[in-house]
Amino acid sequence: MRCIAAAAAAQTLPRFRQAGLVSNKLASGFDPVTEADREAEKAIRSLIRSTFPDHGILGEEFGAENTDSRHVWVIDPIDGTRAFISGLPLWGTLVGLTDGGDAIAGMMSQPFTGELFWAAGEASHYDGPGGARRLATRGTRAIAEATMCTTTPALFAGEMRASYDRLEGSVRLARYGTDCYAYAMLAAGNVDLVVETGLQPYDIVALVPIIERAGGVITRWDGGPAEKAGDIVAAATPELHAAALEMLNA
């Protein structure tokens with residue numbers, strides 16, 4: 001994971017807070033992509049291909065290759081591109097590994113702050129300022145005591161927005177715009193809930209093992225596996241997760 005993080009950082013860090021080229025993926029609306037996104041994914045793909053030539057790869061910028069393999073790497077070179085182009089360090093490189101569709105390892109690297117959140121085996125880990133440590137979620141069980149993050153409530157539409165607003169109105173504190181960093185903070189014991197909608201596999205697969213190995217629970221709103229992406233709820237404890245699902249699906 002450290003080799004992958006370093007390869008991506010060599011492409012993203014020199015371009016962060018610089019006047020780089022930003023393109024828009026959408027004909028209507030704004031979905032930015034930068035040179036840093038593309039070059040970081042190229043570097044990650046090259047490293048994976050050379051090390052695990054029989055593995056598949058699914059990436060945000062360059063799509064799928066060999067994804068009928070048992071092992072597939074899932075890549076978002078810059079999760080939080082809007083933060084990246086705004087000079088805000090609330091972005092990260094996400095790389096996850098699946099085995100038969102189940103996320104078994106993952107990392108979130110934030111090279112500007114010098115932080116690496118990663119999971120493999122039975123534990124989740126942190127490397128960065130303050131030294132290395134094992135990650136653990138905190139024991140919050142009640143919604144009224146929870147700190148919750150989402151990218152923005154504007155992404156929720158119709159009945160989903162009403163469900164989200166009901167949950168936000170019940171938590172102690174809500175914060176916006178945190179992208180992948182929110183999930184890392186949940187695993188680190190700093191926030192308790194992350195609720196999002198419309199995610200793609202490359203937005204979430206890497207984060208699933210980090211949260212689960214830290215003691216948290218992460219699924220879709222319908223209770224299905226988070227690896228399938230879509231509408232996601234991550235929580236610090238099983239009790240909090242169940243309470244959030246009940247309120248969202250009421």
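**Close-up views of a predicted two-sheet model**

**View 1. Helix H5 against the five-stranded sheet.** Helix H5 (residues 179-187) lies across S11, S13, S14 and S15 and runs at about 150 degrees to S13. In this predicted model, local features require pLDDT of at least 70 and side-chain atom pairs pLDDT 80 or more, whereas totals for chains, interfaces and linings use all residues. Residues are numbered from 1 along each chain as its sequence is written, and side-chain values use heavy atoms, with hydrogens and water left out. Helices (H or I, at least four residues) and strands (E, at least two) are DSSP runs numbered from the N terminus; contact means heavy atoms within 4.5 Å. Axes are lines fitted to C-alpha atoms, for helices over the stretch in contact, with angles from 0 to 180 degrees between N-to-C directions. Helix H4 (residues 158-168) lies across strand S11 (147-150), S12, strand S13 (193-199) and S15, at about 150 degrees to S11.

**View 2. Strand order and edges of the five-stranded sheet.** This open sheet follows the order S12-S11-S13-S15-S14 with mixed pairing, where two strands pair if DSSP finds at least two bridges between them. Strand S12 (173-176) and strand S14 (217-220) are the edge strands, each pairing on one side only. On average, neighbouring strands of this sheet are turned by 15 degrees against each other, direction ignored. S14 and strand S15 (residues 230-235) run antiparallel and are joined by four bridges; Val 217 has Ala 235 in S15 as its bridge partner.

**View 3. The eight-stranded sheet.** The order of this open sheet is S4-S3-S5-S6-S7-S8-S9-S10, with mixed pairing. Strand S4 (63-65) and strand S10 (133-134) each have a single partner strand, so one side of each is left without a neighbour in the sheet. Two bridges join the antiparallel strands S9 (residues 123-127) and S10, and Arg 134 in S10 is the bridge partner of His 125.

**View 4. Helices on the eight-stranded sheet.** Helix H2 (residues 35-51) lies across strand S3 (56-59), S4, strand S5 (71-79) and strand S6 (92-99), at about 155 degrees to S5. H5 lies across S5, S6, strand S7 (102-110) and strand S8 (115-120), running at about 110 degrees to S7.

**View 5. The second largest pocket.** Its volume is about 210 Å³; a pocket is an open set of points on a 1 Å grid over the protein atoms alone, where a 1.4 Å probe fits, with protein on both sides within 12 Å along at least five of seven lines, and lining residues have an atom within 4 Å of a point. Grid points are joined across faces, edges and corners, and the volume is the space filled by probe spheres set on the points. Of the 14 lining residues, Thr 98, Gly 101, Asp 102, Glu 227 and Lys 228 are the closest to the pocket centre.
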